[in-house]
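Thank you all for coming. I would like to take a few minutes to walk you through a structure that is new to most of this group, and I will go slowly.

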Amino acid sequence: MLTLQINSSPNLSEWSRSLTATEKQLKVAATRALNKTARWARTQVASKTAKELSIKVGAVREGLILVRAKQSNPQSVVGLSQRSGVIKAKQLGSESQNSTGVRVGRRQFDHAFLATMPNGHQGVFRRRGKARLPIQEVQIVITGKMQEIMEDLSNGPALKQFETIFDRELRYLLRAA
């Protein structure tokens with residue numbers, strides 16, 4: 001899980017600006033910057049994962065959770081929900097059945113078929129064995145790729161983005177006061 005934490009104490013290079021800022025202004029700027037950085041990180045994870053796996057961004061974004069920071073709890077979290085690890089094949093695009101299986105978007109699933117369940121659910125399914133039943137819905141696992149991208153972001157780009165946004169928010173609060 002990608003977690004960004006901050007302290008309200010400024011860096012030595014920022015002393016001149018932060019001496020004029022009150023403690024409340026620093027907390028407000030930090031909270032705003034942290035929330036904006038978390039939104040940026042969620043967007044980056046969704047778009048990079050979708051691009052690498054050639055799937056829709058919306059399908060990936062559904063599985064990401066954003067917990068916003070508050071002034072009382074200056075911690076923002078971008079994490080994976082319980083159902084984020086798998087994307088059903090039907091979400092990848094329009095599907096069509098052919099002689100070898102099912103084509104969904106640009107992907108071909110051999111030995112698969114389209115079916116509508118008695119409760120109305122439509123999907124792409126495969127048989128688990130040679131018998132008619134049981135059948136299993138075709139899914140793509142993306143947890144590993146999302147975790148890699150989150151770790152890459154937390155190593156450097158997210159902190160750099162936070163510093164940029166924090167500086168911008170602090171300048172805005174000082175100008176408005």
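What follows is a tour of the helices, the sheets, some backbone details and one pocket.

Please keep in mind from the start that this is a predicted model, and that the values I quote are computed from it.

Let me begin with helix H2, which covers residues 23-53. With 31 residues at 1.5 Å a residue, helix H2 should span 45 Å, and its end C-alpha atoms are indeed 45 Å apart, so the expected span and the computed one agree. Just after H2 comes Ser54, which takes a positive phi of about 55 degrees and is found in the loop between H2 and H3. That deserves a pause, because most residues other than glycine have a negative phi. Ser54 has its positive phi although it is not a glycine.

Staying with H2 for a moment, which residue does Lys36 meet in a salt bridge? The partner is Glu169, and the two side chains come to 2.5 Å, taken from N to O. Lys36 lies in helix H2 while Glu169 lies in helix H5, residues 157-176, so this pair ties together parts of the chain that are 133 residues apart in sequence. As background, side chains of opposite charge can pair when their charged atoms come close. Counting with a limit of 4 Å between the side-chain nitrogen and the carboxyl oxygen, the model comes to seven salt bridges.

Now to the sheets, and I will take them in sequence order.

One open sheet has three strands in the order S5-S6-S7, with antiparallel pairing. Strand S5, residues 95-97, and strand S7, residues 107-110, stand at the edges with a single partner strand each, so one side of each is left without a neighbour in the sheet. From one strand to the next, the twist in this sheet averages 20 degrees. Looking at the pairs in turn, S5 and strand S6, which is residues 101-104, are joined in the antiparallel sense over three bridges, and Glu95 has Val104 of S6 as its bridge partner. Val104 also stands opposite Arg107 in S7, and S6 and S7, which run antiparallel, are joined by four bridges. The hairpin of S6 and S7 has two residues between the strands, and there Gly105 takes a positive phi near 65 degrees.

A further open sheet, again of three strands with antiparallel pairing, has the order S8-S9-S10. Here S8 and S10 are at the edges, each with a single partner strand, so one side of each has no neighbour in the sheet. The twist in this sheet averages 45 degrees from one strand to the next. Strand S8, residues 112-116, pairs with strand S9, residues 122-127, over five bridges, and the bridge partner of Ala112 in S9 is Arg126. These two strands form a hairpin with five residues between them, and in its turn Gly120 has a positive phi of about 100 degrees. On to the next pair: S9 meets strand S10, residues 135-137, in an antiparallel pairing over three bridges, with Phe125 and Glu137 as bridge partners.

The loop between S9 and S10 holds Pro134, and the peptide bond that joins Leu133 and Pro134 is cis, with omega about 5 degrees. For context, most peptide bonds are trans.

Finally, the second largest pocket, whose volume is about 160 Å³. Which elements give two or more residues to its lining? They are helix H3, residues 57-61, and strand S4, residues 86-88. S4 gives the most, with three residues. Among the residues in the lining are Ala59, Val60, Arg83, Val86, Ile87, Lys88 and Gln139. By character, the lining of this pocket divides into four nonpolar, four polar and three charged residues.

If you would like one place to begin when you look at the model yourselves, find Val104, which is the bridge partner of Glu95 and stands opposite Arg107.

Terms used. Residues numbered from 1 in each chain as written. Predicted model: local features only at pLDDT ≥ 70, side-chain atom pairs only at ≥ 80, totals over all residues. Heavy atoms only, no water. Pairing = 2+ DSSP bridges. Axes fitted to C-alpha atoms, helices over the stretch in contact; angles between N-to-C directions. 1 Å grid on protein atoms, 1.4 Å probe; cavity = no way out; pocket = protein on both sides within 12 Å on 5 of 7 lines; lining within 4 Å. Points joined across faces, edges and corners; volume = space filled by probe spheres on them. Nonpolar A, V, L, I, M, F, W, Y, C, P; charged D, E, K, R; others polar. Expected span 1.5 Å × (residues − 1).
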